Amino acid sequence: MAPLESARRRVAHRVALLLVALVAGIGILPGPATAAPGQQLNAADMTLLNGVRLAGLWEMPAGQMAAEKGQSARVREIGAEIARQHGVLDQLVVEAANKLGATLPTEPTTEQKGWLSELQNATGARFDQIFVTRLRVAHGKIFPVIGAVRASTRDPIVRKLAEQANTFVNDHMTMLESTGLVRWQQLPPAALPPAQSDSLVAAAGANIGSGGGVQVSTTVVWAVFLLALLTGGYATWRILRRN
């Protein structure tokens, strides 16, 4: 009887170990995805954050220059208002970045610094023309980025910022156009991508995480778990049958 009792104990021990392993497997099965806001950021989200920040870094001083040295009263008025509004928008993007744990630029790009130098060296009607032309082109470039990110981002903080930036940028373009100095023929043509191209809209919709991790389908995980369960059950049956 002792050998039989010992065999039964060994079987019971193996079954208990198998059950523990199965329960542990159930515990690690994926549930609903709950990522922190910063983990949902993708390349398009960061393009918006950086673009809005950079716009403020050079357009605030540009607007202040226009308010002081613009030849026409309209340019002076628009410069002061654009500088004021970019101060508000800059605060919004900084607050959004702080919530998301994102790092923003702290100074304009080399190209933007060149535009500021160009404005500093210009006077009279030439200053007014350069001011309107540079800012109108810059706003036209960021405008489609805002729309693409607003349409595809999964982060509510970025979505709200896109909505706020859209209002400001559209207002700025309208003000600049009211001067009558926009040279429409010199504006870049609309960059409408062909179907199925790797456009900004497609990039924004791809939701490529900044961490670059590989996402595994929940269906695949469940299939692997069920296969392990069947294999374990079969092994247990063979052990019991053998003993």
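User: What area does the chain expose, and what share of it do carbon and sulfur atoms supply?
Analyst: This is a predicted model, in which local features need pLDDT of at least 70 and side-chain atom pairs count only at pLDDT 80 or more, while totals for chains, interfaces and linings use all residues. Residues are numbered from 1 along each chain as its sequence is written, and side-chain values use heavy atoms, with hydrogens and water left out. By the Shrake-Rupley method with a 1.4 Å probe, the chain exposes about 14,600 Å², of which carbon and sulfur atoms supply 59%.

User: Which residues of helix α4 are buried, and why do they line one face?
Analyst: Helices are DSSP runs of H or I, at least four residues long, numbered from the N terminus, and buried means under 20% relative accessible area, exposed over 50% (1.4 Å probe, protein chains only). Seen down the axis of α4, the directions from the axis to the C-beta atoms of its buried residues fall within an arc of 100 degrees, so these residues line one face. The face turned away carries the exposed Thr110, Glu111 and Gln120. The buried residues of α4 (residues 110-120) are Gln112, Trp115, Leu116 and Leu119.

User: Which helix gives the most residues to the largest nonpolar core?
Analyst: A nonpolar core is a set of buried Ala, Val, Leu, Ile, Met, Phe, Trp, Tyr and Cys residues joined through side-chain atoms within 4.5 Å, and the largest one has 23 residues. Two or more residues come from each of α2 (43-69), α3 (73-100), α5 (124-152) and α6 (156-177). With 7 residues, the helix that gives the most is α6.
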